[in-house]
Amino acid sequence: MYFQYTKKAPFVLKNLSIQIKKGEFFSIVGGNGSGKSTFLKASIGNIKPQRGKVSFLGKETSKLKGDVLFRSFAYLPQHPQSFFIHDSIEKEMQETVKRHHVSNGSEIITKMLDAFGIQHIRYRHPYDCSGGEMQKAALACMLLGNPEILFIDEPTKGLDPISKENFAEIIQRLHQNGLTIVMVTHDIEFAARYAERCAMMFDGAITTIGTPKELFSGNYFYTTAINRATSNMHIEEMLTLEEAIETWPNHVLI
Ligand SMILES: Nc1ncnc2c1ncn2[C@@H]1O[C@H](COP(=O)(O)OP(=O)(O)OP(=O)(O)O)[C@@H](O)[C@H]1O
Ligand SMILES: [Mg+2]
């Protein structure tokens, strides 16, 4: 697909072609301004490419009914403030369960808030939450609709290490239950650990696509700290702490 924001502006997406498989955890990495967020917006139909098309399960999304897209797609934008329209997290979630016709709404909301550890902000205005809390609340809210594909833009940005671990657990559970995940991130460690396939995006196009190992091995900037630290050791390349522990089970890794 090709996309430009205005007629006189340069193309932000150029000859971009990606196929996401049903049920996979797909991650996109790449430089600032390379078009990653724009790609997500085009995928969910927020913006329309000037050339090319987006299809969902073989059907062009622009021809699908709005409620099909609404039920199937969930999108967590890079700046989650834009997600909230009501004056409390509770109201936001109640309206979401109503729109999605979820039965036992209040019960499900309680479970979701517990899963994210954010019961304490239930009745708070979204703008009175911290950045990380707002992000968790937005994600919790969109999961209430039980989507088929989750598009998430830099979800680990601003999360403390424990929240990131909780988030990883939640996302893995959802993935195991069949959710397709498309994640844009600058967090290479996170992508290497959890994504099944990754793509590198530069200047509006995908330059490389493959498993985290194929993509991040032998790359100095786009790789993990473990890979960088072990690159001169003449051993098989590794990306994650788990792989390092497997290689040196009897060593203390600091
Ligand atoms: N609403 C907009 N109007 C005009 N230009 C835009 C708009 N949004 C983004 N752009 C431009 O499109 C290009 C791609 O932006 P995009 O937000 O997709 O990049 P990104 O890869 O997500 O970057 P980052 O890693 O910094 O989030 C940038 O040059 C940006 O300035
Ligand atoms: Mg972005």
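**Helix packing and a ligand shell**

Modeller: In this predicted model, H3 and helix H5 (residues 131-143) pack at about 20 degrees, their axes 9 Å apart. Helices here are DSSP runs of H or I with at least four residues, and angles run from 0 to 180 degrees between N-to-C directions of axes fitted to C-alpha atoms. Local features need pLDDT of at least 70, and side-chain atom pairs 80 or more. Residues are numbered from 1 along each chain, ligands from 1 as written, and hydrogens and water are left out of side-chain values.

Colleague: Why is H3 called roughly parallel to H5?

Modeller: Angles under 35 degrees count as roughly parallel; the angle of H3 and H5 is about 20 degrees, so the pair is roughly parallel.

Colleague: What makes H3 and H4 oblique?

Modeller: Helix H3 (residues 89-99) and helix H4 (residues 105-116) pack at about 125 degrees, with axes 10 Å apart. That is outside roughly perpendicular (65 to 115) and not over 145, the roughly antiparallel range, so H3 and H4 are oblique.

Colleague: How do you know that Ser-37 makes a polar contact with ligand 1?

Modeller: Such a contact is a pair of N or O atoms within 3.5 Å. A side-chain N or O atom of Ser-37 lies 2.8 Å from a ligand 1 oxygen, so the pair qualifies. A polar side-chain atom of Asn-32 lies 2.9 Å from an oxygen of ligand 1, and a polar backbone atom of Ser-34 is 3.1 Å from one.

Colleague: Which residues come nearest to ligand 1?

Modeller: Of the 13 around ligand 1 (a heavy atom within 4 Å), Gly-33, Lys-36, Ser-37, Thr-38 and His-186 come nearest.

How values were computed: Polar contact = N/O pair within 3.5 Å; in protein donor to acceptor, adjacent residues only side chain to side chain. Helix = DSSP H or I, 4+ residues; strand = E, 2+ residues; numbered from the N terminus.
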